[in-house]
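This report is meant for a reader who has not met this structure before. It goes from burial and overall make-up to a small sheet, a disulfide, salt bridges and one tyrosine.

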Amino acid sequence: MRFPVVAGVVSASFLSLGGAPPGGAPQAPLPARMANTGGGSQLITAVAPRAGSTSGTVTWWDLRGGTWVKTGSAAARFGANGLVEGASRRQGTNTTPTGLYELPYAFGVKAAPHGTDYKYRPVHPDSWWCQDNASRSYNRWVEPRPADCRAGEAERLISYPTQYAYALVIAFNYERPVRERGAGIFLHVNGRGATAGCVSVPSAAMRRILAWADRGKKPHIAIGTTDGATAVTRY
């Protein structure tokens with residue numbers, strides 16, 4: 001993703017998705033209310049109050065003995081223009097795509113946090129993420145940048161040492177990329193404010209997530225809102 005210029009810091013709000021309604025019995029854990037969790041025993045949920053929100057909560061969950069258990073949570077930031085259905089998203093709109101996605105690998109300008117078991121790619125000076133719709137490498141890590149991927153249509157990852165200190169690739173538009181839908185959507189460390197479409201959390205939370213994530217448990221990330229057309233429970 002290409003980072004927008006955002007003045008100030010966007011405040012984050014925590015959600016009580018797993019809480020009890022007033023006077024009622026406690027709700028089932030959020031993953032148990034979802035249409036699909038990806039088939040694994042780990043899940044990350046990234047939830048905003050509304051489609052227009054730029055902040056919300058990231059929570060990571062483990063399936064233990066058939067029950068989803070919250071392992072950790074953190075305040076999260078989303079796109080500067082909120083969230084939009086992933087299948088209809090357009091590149092350059094500064095929106096975070098909703099949906100359920102795999103997490104192919106992690107990367108970072110810094111060394112992998114202690115305990116990281118995920119495939120972790122170190123960022124080098126010639127590491128780029130191609131966002132050029134005309135390139136054969138569209139929505140892919142390239143190293144070095146190929147001639148058909150213009151520098152003005154790619155991100156030099158090392159140029160963002162704060163945001164990309166630690167990151168996980170979100171497989172939005174990744175398996176069979178659709179041109180103009182968007183490229184470079186990650187779960188990464190907070191910058192100064194809202195993102196250009198990624199999901200971000202504080203550095204300490206990103207380190208905890210990387211030490212927690214177990215590739216063998218097939219973790220996915222579900223991005224959505226508390227309710228409505230882009231409710232996280234739909235995915």
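A residue is called buried when its relative accessible area is under 20%, exposed when that area is over 50%, and partly exposed in between. Glu-85, with a relative accessible area of 24%, is therefore partly exposed. The model discussed here is a predicted one.

**The chain as a whole**

The chain contains one helix and 14 strands. It has 235 residues, and 51% of them count as buried. Among contacts with a separation of 6 or more, 64% are made by residues 24 or more positions apart. The area exposed by the chain is about 10100 Å², and carbon and sulfur atoms supply 50% of that area.

**A sheet of three strands**

One part of the chain forms an open sheet of three strands, in the order E9-E8-E10 and with antiparallel pairing. Which strands stand at the edges of this sheet? They are E9 and E10; each has a single partner strand, so one side of each is left without a neighbour in the sheet. On average, and with direction ignored, neighbouring strands of this sheet are turned by 25° against each other. The antiparallel pairing of E8 with E10 runs over three bridges. Across this pairing, Trp-129 stands opposite Glu-155 in E10.

**The disulfide**

How many disulfides does a search of the whole structure find? The search finds one. Its partners are Cys-130 and Cys-149, with an S to S distance of 2.3 Å. This link joins distant parts of the chain: Cys-130 belongs to strand E8 (residues 128-130), while Cys-149 sits in the loop between strand E9 (140-142) and strand E10 (154-156), and the two are 19 residues apart. The angle about the S-S bond is 120°, and the link of Cys-130 and Cys-149 is right-handed.

Are the two linked cysteines buried or exposed? Cys-130 has a relative accessible area of 0% and is buried. Cys-149 is likewise buried, at 0%. A further cysteine, Cys-198, is also buried, with a relative accessible area of 0%.

**Salt bridges**

The count of salt bridges comes to four. The table lists three pairs, with the distance between N and O for each.

| Basic residue | Acidic residue | N to O distance |
|---|---|---|
| Arg-64 | Asp-62 | 3.7 Å |
| Arg-234 | Glu-85 | 3.4 Å |
| Arg-136 | Asp-148 | 3.5 Å |

In the pair of Asp-62 and Arg-64, the closest N and O atoms are 3.7 Å apart. Asp-62 is buried, because its relative accessible area is 7%. Arg-64 counts as partly exposed, at 47% relative accessibility.

The side chains of Arg-234 and Glu-85 also meet in a salt bridge. Why does this pair tie together parts that are 149 residues apart in sequence? The reason is where the partners lie: Arg-234 is in the segment after strand E14 (220-225), and Glu-85 is in strand E4 (residues 83-85). Arg-234 has 46% relative accessibility and so counts as partly exposed. Glu-85, its partner, is partly exposed at 24%.

Arg-136 and Asp-148 form a salt bridge through their side chains. Arg-136 lies in the loop between E8 and E9 and Asp-148 in the loop between E9 and E10, so the pair ties together parts that are twelve residues apart in sequence. Arg-136 counts as exposed, because its relative accessibility is 78%. Asp-148 is partly exposed, with a relative accessible area of 25%.

**Tyr-174 and its contacts**

Where does Tyr-174 lie? Tyr-174 is found in the loop between strand E11 (167-169) and strand E12 (186-189). Its relative accessible area is 16%, so Tyr-174 is buried. With neighbours within four places in sequence left aside, Tyr-174 is in contact with Pro-104, Tyr-105, Trp-129, Asn-139 and Arg-140. Among these contacts is Trp-129, the residue that stands opposite Glu-155 in E10. Tyr-101 is 73 residues from Tyr-174 along the chain, and the C-alpha atoms of the two are separated by 9.5 Å.

Definitions and conventions:
Residues are numbered from 1 along each chain as its sequence is written. This is a predicted model: local features need pLDDT of at least 70, side-chain atom pairs count only at pLDDT 80 or more; totals for chains, interfaces and linings use all residues. Side-chain values use heavy atoms; hydrogens and water are left out. A disulfide is a pair of cysteine sulfur atoms within 2.5 Å. Helices (H or I, at least four residues) and strands (E, at least two) are DSSP runs, numbered from the N terminus. Buried means under 20% relative accessible area, exposed over 50%, partly exposed in between (1.4 Å probe, protein chains only). Two strands pair if DSSP finds at least two bridges between them. Axes are lines fitted to C-alpha atoms, for helices over the stretch in contact, and angles run from 0 to 180 degrees between N-to-C directions. Contact means heavy atoms within 4.5 Å. Accessible areas come from the Shrake-Rupley method with a 1.4 Å probe; for residues, only the protein chains shown count as cover.
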